[in-house]
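Student: I would like to take a close look at one part of this chain, with the terms spelled out as we go.

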Amino acid sequence: MVTAGSSRESWHGTGHGYSYHGCRCQPCTDAHRRRCNDWMNRVALKVPEADLTHGVRSTYNNYGCRCEDCRRAQSDHNRQWRERRKAAGGAS
Ligand SMILES: [Zn+2]
Ligand SMILES: [Zn+2]
(Lines give C-alpha, C1' and ligand atoms only; values in the text may rest on other atoms or scores of the structure.)
(Ligands and ions follow the chains in the order given, each with its own letter.)
Protein backbone atom coordinates (compact mmCIF):
# COMPACT_ATOMS: atom_id res chain seq x y z
CA MET A 1 0.00 0.00 0.00
CA VAL A 2 1.34 3.37 -0.98
CA THR A 3 0.52 6.44 1.03
CA ALA A 4 1.20 9.74 -0.60
CA GLY A 5 2.75 12.39 1.59
CA SER A 6 -0.29 14.52 1.13
CA SER A 7 -2.79 15.06 3.90
CA ARG A 8 -5.54 15.71 1.40
CA GLU A 9 -6.73 12.17 0.86
CA SER A 10 -9.57 11.84 -1.60
CA TRP A 11 -11.95 10.50 1.01
CA HIS A 12 -12.18 13.77 2.89
CA GLY A 13 -15.71 15.10 2.84
CA THR A 14 -17.23 11.82 1.70
CA GLY A 15 -18.61 10.53 4.99
CA HIS A 16 -16.38 7.54 4.47
CA GLY A 17 -13.60 9.62 5.98
CA TYR A 18 -15.61 10.12 9.13
CA SER A 19 -16.90 6.63 9.71
CA TYR A 20 -14.10 4.54 8.24
CA HIS A 21 -10.98 6.64 8.76
CA GLY A 22 -12.24 8.27 11.95
CA CYS A 23 -11.42 11.71 10.55
CA ARG A 24 -13.18 14.56 12.32
CA CYS A 25 -12.23 17.39 10.02
CA GLN A 26 -14.99 19.77 9.00
CA PRO A 27 -15.75 18.36 5.52
CA CYS A 28 -15.87 14.82 6.88
CA THR A 29 -18.08 15.77 9.81
CA ASP A 30 -20.43 17.65 7.52
CA ALA A 31 -20.64 14.78 5.08
CA HIS A 32 -21.28 12.36 7.88
CA ARG A 33 -24.06 14.49 9.32
CA ARG A 34 -25.62 14.88 5.89
CA ARG A 35 -25.51 11.17 5.31
CA CYS A 36 -26.99 10.43 8.73
CA ASN A 37 -29.85 12.80 8.06
CA ASP A 38 -30.48 11.28 4.65
CA TRP A 39 -30.38 7.83 6.07
CA MET A 40 -32.66 8.61 8.96
CA ASN A 41 -35.16 10.28 6.68
CA ARG A 42 -35.13 7.28 4.42
CA VAL A 43 -35.58 4.89 7.32
CA ALA A 44 -38.33 7.00 8.76
CA LEU A 45 -40.14 7.00 5.44
CA LYS A 46 -39.69 3.34 4.75
CA VAL A 47 -40.58 1.89 8.13
CA PRO A 48 -43.45 3.32 10.11
CA GLU A 49 -42.83 3.30 13.83
CA ALA A 50 -45.65 0.81 14.31
CA ASP A 51 -43.98 -1.75 12.05
CA LEU A 52 -40.78 -1.91 14.03
CA THR A 53 -40.12 -4.91 16.20
CA HIS A 54 -39.00 -3.67 19.59
CA GLY A 55 -36.74 -5.45 22.01
CA VAL A 56 -34.34 -6.56 19.27
CA ARG A 57 -30.90 -5.22 18.51
CA SER A 58 -31.58 -4.64 14.83
CA THR A 59 -34.20 -2.05 15.67
CA TYR A 60 -31.77 -0.36 18.04
CA ASN A 61 -28.94 -0.39 15.53
CA ASN A 62 -30.67 -0.06 12.18
CA TYR A 63 -33.49 2.29 13.11
CA GLY A 64 -31.90 4.07 16.03
CA CYS A 65 -34.77 3.25 18.37
CA ARG A 66 -33.90 4.02 21.97
CA CYS A 67 -37.02 2.71 23.66
CA GLU A 68 -36.59 0.73 26.84
CA ASP A 69 -37.02 -2.66 25.19
CA CYS A 70 -34.53 -1.98 22.44
CA ARG A 71 -31.99 -0.50 24.84
CA ARG A 72 -32.27 -3.56 27.00
CA ALA A 73 -31.75 -5.86 24.04
CA GLN A 74 -28.61 -3.96 23.12
CA SER A 75 -27.17 -3.88 26.64
CA ASP A 76 -27.96 -7.56 27.14
CA HIS A 77 -26.01 -8.28 24.02
CA ASN A 78 -23.10 -6.13 25.17
CA ARG A 79 -22.99 -7.86 28.52
CA GLN A 80 -23.12 -11.32 26.98
CA TRP A 81 -20.41 -10.37 24.54
CA ARG A 82 -18.15 -9.14 27.32
CA GLU A 83 -18.76 -12.25 29.39
CA ARG A 84 -18.04 -14.46 26.43
CA ARG A 85 -14.80 -12.62 25.80
CA LYS A 86 -13.81 -12.95 29.42
CA ALA A 87 -14.62 -16.66 29.37
CA ALA A 88 -12.50 -17.05 26.27
CA GLY A 89 -9.46 -15.75 28.09
CA GLY A 90 -9.77 -12.06 27.54
CA ALA A 91 -6.45 -11.81 25.78
CA SER A 92 -6.06 -10.41 22.28
ZN1 LIG B 1 -11.40 14.52 6.81
ZN1 LIG C 1 -37.71 0.15 20.35
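Student: Leaving aside its neighbours within four places in sequence, which residues is C23 in contact with?

Tutor: This is a predicted model, in which local features need pLDDT of at least 70 and side-chain atom pairs count only at pLDDT 80 or more, while totals for chains, interfaces and linings use all residues. Residues are numbered from 1 along each chain as its sequence is written, and chains are lettered from A and ligands numbered from 1 in the order in which they are written.

Beyond its neighbours within four places in sequence, C23 is in contact with H12, G17, Y18 and C28, a contact being two residues whose C-beta atoms, placed from the backbone, lie within 7 Å. C23 sits in the loop between α1 (16-19) and α2, where helices (H or I, at least four residues) and strands (E, at least two) are DSSP runs numbered from the N terminus. From C-alpha to C-alpha, C23 and H12 are 8.0 Å apart, with their positions 11 residues apart in sequence. C23 counts as buried because 20 other C-beta atoms lie within 10 Å; a residue is buried with 20 or more other C-beta atoms within 10 Å of its own, exposed with 12 or fewer, and partly exposed in between, the C-beta atoms being placed from the backbone.

Y18 also turns up among the contacts of H32, which, outside its neighbours within four places in sequence, touches G15, Y18 and S19. H32 belongs to helix α2 (residues 26-46), and its C-alpha atom is separated by 6.2 Å from that of Y18, 14 residues away along the chain. With 19 other C-beta atoms within 10 Å, H32 is partly exposed.

As for the setting, the chain has 4 helices and 0 strands, and 12% of its 92 residues count as buried. Among contacts with a separation of 6 or more, 2% are between residues 24 or more positions apart. Some care is due with α2, which has the lowest mean pLDDT among the elements (79), whereas α4 has the highest (95); pLDDT is the predictor's confidence in each residue, from 0 to 100. Over the chain, pLDDT averages 83, and 79% of the residues score at least 70. Helix α4 itself lies largely in the open, because the number buried among its 20 residues is 2.
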